[in-house]
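Visitor: I should like a close look at a single part of this model, explained together with what surrounds it.

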Amino acid sequence: MTVSTDSCLSCDLISGARPLPGGRIRESSGWVVEHCVGPLGVGTVVVKPLRHVVHVADLDEAESAALGPLLRRTAAAVTEVVRPEQVYVCLWSHAGGVPGHIHFVVQPIIKADMTRFNAGGPELQTAMFRAGEFPDEYEVEEVCMRLRDAFTGGDRIE
Ligand SMILES: [Zn+2]
């Protein structure tokens, strides 16, 4: 299947065609970890394939094998840095009803956000998108440095 990568935000963030606050946090076995550019709070990251893949079913064997361990390590890094109540891991990738470059959102959920929006789960994410508050670039840079360190710490013990 030929897939157009024209104006793909995910590909542009990978290639550097669009600026990525915080820079690349991790690259591993065909996957990258980046800070989320959407309004889902500081410490929320995305895990996405380097290739322009728009369906989970189109991942190759190597990408599939690496996915579980990388999601776990990403959730562990986010947990270490943010100390959340829970870490949500979800994949929508369907902007405007069009299948998009898949990206798992790994979102640390803190009590303050649940209280402020009086919501949890998908309702909390919807409320955060409605509020549309994009994270401060300086805070993103800082949390990305800490996330990189958390991943590196994991390298030492594994
Ligand atoms: Zn793409």
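Visitor: Which residue takes a positive phi just after H2, and of about how many degrees?

Guide: The residue is Arg83, whose phi is about 55 degrees, just after helix H2. The model is a predicted one, in which local features need pLDDT of at least 70 and side-chain atom pairs count only at pLDDT 80 or more, whereas totals for chains, interfaces and linings use all residues. Residues are numbered from 1 along each chain as its sequence is written.

The helix that precedes Arg83 deserves attention in its own right. H2 comprises residues 61-82; helices (H or I, at least four residues) and strands (E, at least two) are DSSP runs, numbered from the N terminus. Its 22 residues reach 32 Å from the first C-alpha to the last, close to the 32 Å expected at 1.5 Å a residue, where the expected span is 1.5 Å times one less than the number of residues. H2 nevertheless bends by about 35 degrees at Leu67, and a proline, Pro69, follows within four residues. The bend is the angle between axes fitted to the seven residues ending at a position and the seven starting there.

Several residues of H2 are buried: Leu70, Thr74, Ala75, Ala77, Val78, Val81 and Val82. A residue is called buried if 20 or more other C-beta atoms, placed from the backbone, lie within 10 Å of its own, exposed if 12 or fewer, and partly exposed in between. An α-helix has 3.6 residues a turn, so residues three or four places apart point the same way.

What does this helix lie across? H2 lies across S1, S2, strand S3 (45-49), S4 and strand S5 (104-109), and it runs at about 20 degrees to S5. Residues are in contact if their C-beta atoms, placed from the backbone, lie within 7 Å; axes are lines fitted to C-alpha atoms, for helices over the stretch in contact, and angles run from 0 to 180 degrees between N-to-C directions.

These five strands form an open sheet in the order S1-S2-S3-S5-S4, with antiparallel pairing. Strand S1 (24-28) and strand S4 (86-90) stand at the edges, each with a single partner strand, so one side of each is left without a neighbour in the sheet. On average, neighbouring strands of the sheet are turned by 20 degrees against each other, direction ignored. Two strands count as paired if DSSP finds at least two bridges between them.

The individual pairings can be followed across the sheet. S1 is joined to strand S2 (residues 31-35) by four bridges, and Ser28 stands opposite Trp31 in S2. S3 pairs with S5 over three bridges in the antiparallel sense; here Val47 is opposite Phe104 in S5. S5 is also paired with S4, again antiparallel, over five bridges, and Val87 has Pro108 in S5 as its bridge partner. Five of the six residues of S5 are buried, so this strand is largely enclosed by the rest of the structure.

Two separations in space relate H2 to other parts of the chain. Glu27, which lies in strand S1, is 43 residues from Leu70 in sequence, yet their C-alpha atoms are 9.7 Å apart. Glu27 is exposed, with 12 other C-beta atoms within 10 Å. Asp155 belongs to helix H5 (residues 137-157) and is 82 residues from Arg73 in sequence, with 9.9 Å between the two C-alpha atoms. Asp155 is likewise exposed, with 8 other C-beta atoms within 10 Å.

Positive phi values also occur at other sites. Ser93, in the loop between S4 and S5, has a phi of about 45 degrees although it is not a glycine. Ser93 counts as buried, having 20 C-beta neighbours inside 10 Å. Asn118, also a residue other than glycine, has a phi near 50 degrees and is found in the loop between helix H3 (111-117) and helix H4 (121-131). Asn118 is exposed, with 9 other C-beta atoms within 10 Å.

For context, the protein chain holds five helices and five strands, which run α-β-β-β-α-β-β-α-α-α from the N terminus on. Its C-alpha trace spans about 45 × 40 × 25 Å along the principal axes. Buried residues make up 31% of the 158 residues.

Technical notes. Two residues are in contact if their C-beta atoms, placed from the backbone, lie within 7 Å.
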